[in-house]
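Here's a quick briefing to skim before you load the model into your own tools. Have the sequence and the 3D view side by side as you go.

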Amino acid sequence: MTWFPIGTIDDIPQRGARCVVTPQGKIGVFRTHDDRIFAIEDHCPHKGGPLTQGIVHGASVTCPLHNWVISLETGLAQGADEGAVRTIPLKIEEGRILIALDRQLMAAE
């Protein structure tokens, strides 16, 4: 796994998100109202809706297409819905956000 810088905390508004395009797919980076940062795949497990265009509330995001609620912590669909998206490891160093991507997959692209 290799750490890649993708921007700073200030690049993401509170209760907002940004989409980062990587060779491993689109990743949504989310900031909660209390400044926690999460990274998950940017597609709903239901019909592939862009989660970065959804509403961030607490530690969840609601898909803009069919209102599925996805946990930013676990990637799991909440309530009666079933499915999950992959969570992406991240860390923050001196205000910069770094995400972990698999170097082998990067080389294959």
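How many bridges join β3 to β4, and do they run parallel or antiparallel? Five bridges do the joining, and β3 and β4 run antiparallel. Keep in mind that this is a predicted model. The notes below start from that sheet, then go through a buried strand residue, the cores, the salt bridges and two further residues.

**The three-stranded sheet**

- β3 sits in an open sheet of three strands, ordered β2-β3-β4 and paired antiparallel.
- The edges belong to β2 and β4; each has a single partner strand, so one side of each has no neighbour in the sheet.
- From one strand to the next, the twist averages 25 degrees.
- On the β2 side, residues 16-22 (β2) and residues 25-31 (β3) pair in the antiparallel sense, with seven bridges between them.
- Getting from β2 to β3 takes a hairpin of two residues.
- If you want a pair to check the register on that side, Ala17 stands opposite Phe30 in β3.
- For the other side, use Arg31, whose bridge partner in β4 is Ile37.

**Val29, inside strand β3**

- Is Val29 buried or exposed? With a relative accessible area of 1%, Val29 is buried, because the cut-off for buried is under 20%.
- Val29 belongs to strand β3, and its contacts beyond four places in sequence include Gly16, Ala17, Arg18 and Val20.
- Other residues that Val29 touches include Ile37, Phe38 and Ala39.
- The list for Val29 also takes in Ile6, Ile12, Thr52 and Ile97.
- Val29 and Arg18 are eleven residues apart along the chain, and their C-alpha atoms are separated by 5.4 Å.

**Nonpolar cores**

- Which residues touch the most other members of the largest nonpolar core? They are Phe30, Ile40, Leu51, Val61, Ile70 and Leu72, out of 14 residues in that core.
- Apart from that core there's another one, made of eleven residues, with Val20, Ile27, Ile99 and Leu101 among them.
- Take Leu51 as a worked case: beyond four places in sequence, its contacts include Phe30, Ile40, Val61 and Ile70.
- Leu51 is also in contact with Glu41, Asp42, His43 and Cys44, and with Cys63 and Val85.

**Salt bridges**

- Side chains of opposite charge can pair when their charged atoms come close.
- The count here comes to five salt bridges.
- Asp34, Arg36 and Glu73 are linked in a network.
- In the Asp34 to Arg36 pair, the closest N and O atoms are 3.3 Å apart.
- Arg36 also meets Glu73, at 3.2 Å from N to O.
- Why does that second pair tie together parts that are 37 residues apart in sequence? Because Glu73 lies in the loop between β7 and β8 (90-93), while Arg36 lies in the loop between β3 and β4 (37-41).
- As for accessibility, Asp34 is partly exposed at 40%, Arg36 is partly exposed at 32%, and Glu73 is partly exposed at 46%.
- Another bridge pairs Lys91 with Glu93, with 3.3 Å between the closest N and O atoms.
- Lys91 counts as partly exposed at 29% relative accessibility, and Glu93 counts as partly exposed at 36%.

**Ser71, in strand β7**

- Ser71 lies in β7, which covers residues 69-71.
- At 6% relative accessibility, Ser71 counts as buried.
- Where does the side chain of Ser71 have a polar atom 3.1 Å away from a backbone nitrogen? The nitrogen in question is that of Thr74.
- Leaving out residues up to four places away in sequence, Ser71 touches Ala59, Ser60, Leu76 and Gln78.

**Met1, at the start of the chain**

- Met1 is in the segment before β1 (2-8).
- Met1 counts as exposed, with 70% relative accessibility.
- Along the chain, Met1 and Asp102 are 101 residues apart, yet their C-alpha atoms are separated by 4.5 Å.
- Past the four-place window in sequence, Met1 touches Pro89, Ala100 and Leu101.

Definitions and conventions
Residues numbered from 1 in each chain as written. Predicted model: local features only at pLDDT ≥ 70, side-chain atom pairs only at ≥ 80, totals over all residues. Heavy atoms only, no water. Helix = DSSP H or I, 4+ residues; strand = E, 2+ residues; numbered from the N terminus. Buried < 20%, exposed > 50% of the residue type's maximum accessible area, 1.4 Å probe, protein only. Polar contact = N/O pair within 3.5 Å; in protein donor to acceptor, adjacent residues only side chain to side chain. Contact = heavy atoms within 4.5 Å. Pairing = 2+ DSSP bridges. Core = buried A, V, L, I, M, F, W, Y, C linked by side-chain atoms within 4.5 Å. Salt bridge = Lys/Arg side-chain N within 4 Å of Asp/Glu carboxyl O. Axes fitted to C-alpha atoms, helices over the stretch in contact; angles between N-to-C directions.
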